[in-house]
Every structure is written in structure tokens, then in C-alpha cells.
Amino acid sequence: DYLLWEMEPFGYHLTSLVLHAANAVLFYFLALRLLRLSDVNKSGETRLRIAAVFAALIFSIHPLRVESVAWVTERRDVLSGFFLLSCVLCYLRAVLASSRTEYKQWLSAAVVIYAFSLTSKAVGMTLPTVAPMPACTSGIAGTQDPGSSCVKAGRLIAPWPWRKSVP
């Protein structure tokens, strides 16, 4: 920021605002993906999109999110949120991948983005325990049995031990 804006506060706030807007867009796509996965009644695409927009709006105007944008020294929160949301989106793409190559590509992207998240703020350490939760609760693995979904999510956390012991 300093190279671009020097000591002008407007530039720092603008950068935080752009990152916050990007986080709101990422949150919209994450909410939409999770709503689609959990939509057993087939509510319709329009309803899902409206719900995702509402979720993203609440996310973007929540005081804890806005405070990080207004307070320039809290850039790490906005940046960490950007990387965490991106990582979860890549992780979900890996879980839903149709081929092994696609699975590896999306999982590799998630790991790289996760490393970026860790460099921006330490709260990213919790992601490996939180990311598999949608897979365990929504039947992502293609069945309605949450147990089999958790097994697939477990393979993403520790892929090597699971390969030979779990079909």
C-alpha cells in the first residue's frame, strides 16, 4: 500500500474496502454452493440466489466485518477472510470433483491458499477442522448417509491412511 498510496489514508481505506467487497462476493458464492448442496426440496435457483444474496449482505454489513474495514490496522482480518473463503471454495470444488486430476488440482489450490491465509493471520489454523463440516452434514459424497460423507471428508484431511483402509 505504501508504494501506491504513500501516507494517504484514503488509499489504505480503499484497499480494505475493495478486499471487503471481494469477501462479500466470495461469501455469496460459498453460501450459494452450500445452499445448493443442502437443497433437498429443490426450491429453485431463484430462491437459492436470493438467500445467498441475503446471506452475503448480512455478512458484509455485520459490525465485526465492517470494523475491520474501517480500522486500517486490522487489514489482516480482511485479508485472512479473503484467503479463508477462497480456500473453502476450492476445498468444496475438490470434494465435488468428478475426476482424480480435478480433485488434486483443487485440493492443491486450497492448500496453497491456506498457506497464504496462515501468513496473514493465525486464525486460519482452525480451517482444517472446520472445512470438512459441510461434507459431513449435507451428504456431499453423493449419498444421504452423513457417515459416508464424513469418510470422504476425512480422506481430504488425511488422504494417505484412508486410501487403503476405507473403500
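Modeller: A residue is called buried when its relative accessible area is under 20%, exposed when over 50%, and partly exposed in between, with a 1.4 Å probe and protein chains only. This is a predicted model, in which local features need pLDDT of at least 70, side-chain atom pairs count only at pLDDT 80 or more, and totals for chains, interfaces and linings use all residues. Residues are numbered from 1 along each chain as its sequence is written, and side-chain values use heavy atoms, with hydrogens and water left out.

Biologist: Is Glu74 buried or exposed?

Modeller: Glu74 is buried, at a relative accessible area of 10%.

Biologist: With which residue does Glu74 meet in a salt bridge?

Modeller: The term denotes a side-chain nitrogen of Lys or Arg within 4 Å of a carboxyl oxygen of Asp or Glu. Here the partner of Glu74 is Arg76, with 3.0 Å from N to O. Arg76 is partly exposed, with a relative accessible area of 43%.

Biologist: How many salt bridges does this rule give?

Modeller: The count comes to four. Among them is the pair Arg36 and Glu45, whose closest N and O atoms are 2.4 Å apart. Both residues are partly exposed: Arg36 has 40% relative accessibility, and Glu45 has a relative accessible area of 34%. Arg36 and Glu45 also belong, with Arg49, to a network of salt bridges.

Biologist: Which parts does the salt bridge between Asp77 and Lys121 tie together?

Modeller: Helices (H or I, at least four residues) and strands (E, at least two) are taken as DSSP runs and numbered from the N terminus. The closest N and O atoms of Asp77 and Lys121 are 2.2 Å apart. Asp77 lies in helix α5 (residues 75-95), and Lys121 in the loop between α6 (100-120) and α7 (127-130), so the pair joins parts that are 44 residues apart in sequence. Asp77 is buried, at 19% relative accessible area, whereas Lys121 is partly exposed, at 27%.

Biologist: At what angle do α2 and α5 pack?

Modeller: Axes are lines fitted to C-alpha atoms, for helices over the stretch in contact, and angles run from 0 to 180 degrees between N-to-C directions. Helix α2 (residues 9-38) packs against α5 at about 25 degrees, with the axes 9 Å apart. The two helices are therefore roughly parallel, a class that takes angles under 35 degrees (over 145 is roughly antiparallel, 65 to 115 roughly perpendicular, the rest oblique).
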